[in-house]
Amino acid sequence: MKILSCHAGYHDSAAAVFDEYRLLAAVQQERLTRKKSDGNGVPFACIDECLAITGISRQDIDVVVVTRGALPWRYYTHFAGGRFVEGKVRQWLGKEKLKSMALELRRSGGTQAEGIFNGRGFLVDLGFGADVKLGFCNHHMSHALPALFYTDWDDALLVTSDGGGDNVQYSHRVFRDGRIETLYGGDEYLLAPTRIDSLGLAYGYATQALGYRINRHEGKLTGLSAYGSPALFDDLAPHFTLHRNGQIESDFESYPAMRRFIFELAEGAAPEDVAASIQKLLEEFMLGSVRRLLELHPVRHLGLAGGVFANVKLNRLLAEHTAAEEVFIFPAMGDEGLAVGGALQFLLKRDGLERWLSERHRLDDVYLGRAYDDSIDAVLCECPGVARVAEEPVKESVALLASGRIGAIYTGRMEFGPRALGARSILASPLDRTINATLNARLGRTEFMPFAPVVAEEDAEAVFEIGPLNRYAGRFMTMTCAVRAAWRDKIPAVIHVDGTARPQIVARHQNPLYFDILELFKAATGLPVLINTSFNVHEEPIVNRPEECLQALVDRRIDFVVTSRGVYAMADEPLDGRRMEPPEHP
């Protein structure tokens with residue numbers, strides 16, 4: 001059975017294609033539209049891209065699964081009176097609105113999407129035949145299931161947390177004794193009064209209060225928090241309550257009231273103190289919640305998903321200050337990951353838990369987008385200003401990196417999720433911390449943002465505090481950990497101010513070019529680590545197509561590009577070991 005699953009959202013829309021339990025492709029809308037965190041409802045471009053990647057036609061698809069997210073007005077069947085007239089006028093004017101399925105269910109007083117949605121018309125407009133089934137999935141269950149499916153655990157606490165979906169902001173589930181028990185966050189809350197409890201939204205409001213974009217720049221506060229003091233924590237914390245059952249609530253009457261309070265509190269405060277305060281609030285209450293849940297439901301493993309768990313400092317705290325023996329964060333932890341979870345939810349409902357559990361496996365990688373290995377070299381070679389420096393990609397790129405140059409690796413299939421993991425990454429030597437300022441300037445990024453290291457699996461434990469607790473999470477760069485004392489002065493460019501780093505652990509079979517560059521760099525310099533940061537400039541998604549890679553090179557954001565066939569640089573920029581100055585950009 002071929003399954004197309006998609007998240008139709010106001011942000012982070014995505015699609016995925018499965019052949020039974022095998023995930024074949026997954027793509028985020030932003031990578032195709034080049035609009036950071038793009039939502040815009042149904043991800044039509046992602047659907048086309050996933051089908052093209054897999055070679056599966058619309059006629060081959062048996063099931064389409066959709067989140068109860070942002071769907072076009074015209075497919076709803078319950079509108080009447082003024083709302084119907086307004087919708088028709090907007091549709092006629094080309095200004096049709098997206099409507100939240102969860103919100104419309106509440107307004108209609110029902111819980112079945114099929115009762116208010118023209119599913120057949122929707123499928124026809126997507127180009128699918130009459131025999132294709134349409135299903136809807138629960139937001140937080142779609143977050144939770146991948147955090148269990150891609151493990152081999154026999155028990156787990158599954159916790160999700162984000163700004164909200166299907167009328168809740170968290171979910172808690174326990175897996176043990178061959179069953180999954182939902183403690184909080186299921187469909188029974190669709191029609192309940194909305195709780196004002198989201199730490200994810202509180203963090204987002206603090207992000208806005210500092211002049212950044214909600215649902216996009218929260219990571220800036222995570223980085224900035226290391227430089228501040230939690231001076232506002234004592235004002236924030238009394239508004240939140242941790243209950244005996246592990247649930248969190250606040251005393252704000254509404255989310256606008258929460259937002260106003262945080263904005264007023266942040267006014268005149270040092271940005272780094274605002275960041276440190278909201279980070280401490282998140283850590284204190286999420287750690288308290290998870291601890292309480294583990295006390296009530298003792299299990300040995302912790303699975304996390306949802307946008308809150310993009311916070312790598314929080315994830316480390318949960319790993320090291322609970323009794324969990326292993327922690328796994330689904331790599332596409334934001335709403336883009338719902339496209340994967342929706343298909344897994346359909347399969348669970350179809351087959352039952354015993355069969356579903358038997359199909360589980362650990363993720364090797366999330367290289368799930370399109371590969372351009374057959375065209376990247378041609379695109380680079382055909383640009384008049386670009387020259388092929390060498391046809392020995394590993395040897396030449398290592399020589400350039402060792403001399404202080406900044407390069408980008410472009411190989412294989414695009415990564416899925418927010419992290420660049422060696423398919424579309426920028427690489428540099430970690431030896432000199434001044435590279436951070438240079439690289440941030442060339443990429444137009446905030447100066448305080450840290451960079452991450454990549455390390456081979458055989459060197460990971462020697463350089464970082466890696467063990468059974470966090471090794472699996474380390475494949476996907478989803479958690480910080482301490483850097484061992486012997487290495488802190490040797491790789492300063494990847495160490496945070498608190499002595500931690502956010503490593504990616506890589507094996508050769510996952511990405512041979514990436515691994516071989518890392519291995520030869522170690523042989524040449526004695527350093528088993530390289531800087532890995534995402535191949536993008538500020539406010540743009542990670543590079544996807546070859547033309548975007550070429551543009552970064554032409555703009556002098558990087559010194560060279562390495563592919564599986566060669567190394568490329570600007571012909572007028574001799575690679576003599578001299579580090580280039582950051583280019584001027586308007």
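Let's start at one residue, Leu145. Leu145 sits in helix 6, which spans residues 139–149. This is a predicted model, so please keep that in mind throughout.

Is Leu145 buried or exposed? Its relative accessibility is 1%, so Leu145 counts as buried; the cut-off for that is under 20%. What does Leu145 touch, once residues up to four places away in sequence are set aside? The list is Ile180, Gly341, Leu344, Gln345, Leu348 and Trp356. One distance for Leu145 as well. Glu181 is 36 residues away along the chain, and the two C-alpha atoms are separated by 12 Å.

Stay in helix 6. Met141 is there too. With a relative accessibility of 19%, Met141 counts as buried, because the cut-off is under 20%. Leave aside neighbours within four places in sequence, and Met141 is in contact with Arg173, Gln345 and Leu348. Look at Gln345 in that list. Met141 and Gln345 are 204 residues apart in sequence, yet 7.4 Å apart in space, C-alpha to C-alpha. Gln345 and Leu348 also appear among the contacts of Leu145.

Leu348 takes us to another residue, Leu353. Leu353 lies in helix 14, residues 353–358. Its relative accessibility is 18%, and Leu353 counts as buried. Beyond its neighbours within four places in sequence, Leu353 contacts Gly178, Arg179, Ile180 and Leu348. Ile180 is a contact of Leu145 as well. Now back towards helix 6. Leu353 and Pro146 are 207 residues apart along the chain, with 14 Å between their C-alpha atoms.

Let's zoom out to the whole chain. How many helices and strands does the chain have? There are 21 helices and 26 strands. The C-alpha atoms fill a box of roughly 70 × 55 × 50 Å along the principal axes. For 586 residues, a compact globule would have a radius of gyration near 25 Å; the chain has 24 Å, so the two agree.

What share of the residues is buried? Buried residues make up 60% of the 586. Then the contacts. Take those between residues at least 6 apart in sequence: 74% of them join residues at least 24 apart.

Next, the surface. The chain exposes about 22,300 Å², and carbon and sulfur atoms supply 49% of that. On charge, there are 64 positive and 78 negative side chains. The centres of those two sets lie 3 Å apart.

Now the inside. In soluble globular proteins, nonpolar side chains tend to be buried together. Here, the largest nonpolar core has 63 residues. Which of them touch the most other members? Phe464, Ile491 and Ile517 do. Helix 20, residues 512–525, gives the largest share of this core, six residues. Apart from this core lies another one, of 55 residues, including Leu199, Phe252, Val308 and Ala319.

Look closer at Ile517. Not counting residues up to four places away in sequence, Ile517 touches Val394, Ser397, Val398, Leu401, Ile409, Leu427, Leu530 and Val562.

Two more helices, each with a packing story. Helix 2 covers residues 44–54, and its buried residues are Cys46, Ile47, Glu49, Cys50 and Leu51. What do they pack against? The helices are helix 1 (29–33) and helix 5 (119–126). The strands are strand 1 (2–7), strand 2 (14–19), strand 3 (22–28) and strand 15 (367–371). Just after helix 2 comes Gly55, with a positive phi of about 75 degrees.

The second is helix 21. Its buried residues are Pro546, Glu548, Cys549, Leu550, Ala552 and Leu553. They pack against helix 15 (376–381), strand 16 (386–390), strand 17 (407–410), strand 25 and strand 26 (567–570).

Last topic, backbone angles around helix 21. Most residues other than glycine have a negative phi. Arg556 is not a glycine, yet its phi is positive, about 65 degrees. Arg556 follows helix 21, in the loop that leads to strand 25 (560–562).

Glu539 also has a positive phi without being glycine, near 75 degrees. Where is Glu539? In the loop between strand 24 (529–534) and helix 21 (546–554). Glu539 is partly exposed, with a relative accessible area of 31%.

How values were computed: Residues are numbered from 1 along each chain as its sequence is written. This is a predicted model: local features need pLDDT of at least 70, side-chain atom pairs count only at pLDDT 80 or more; totals for chains, interfaces and linings use all residues. Side-chain values use heavy atoms; hydrogens and water are left out. Helices (H or I, at least four residues) and strands (E, at least two) are DSSP runs, numbered from the N terminus. Buried means under 20% relative accessible area, exposed over 50%, partly exposed in between (1.4 Å probe, protein chains only). Contact means heavy atoms within 4.5 Å. The radius of gyration is taken over C-alpha atoms; the globule rule is 2.2 Å times the number of residues to the power 0.38. Accessible areas come from the Shrake-Rupley method with a 1.4 Å probe; for residues, only the protein chains shown count as cover. Lys and Arg count as positive and Asp and Glu as negative; His and the chain ends are not counted. The place of a charge is taken as NZ of Lys, CZ of Arg, CG of Asp or CD of Glu. A nonpolar core is a set of buried Ala, Val, Leu, Ile, Met, Phe, Trp, Tyr and Cys residues joined through side-chain atoms within 4.5 Å.
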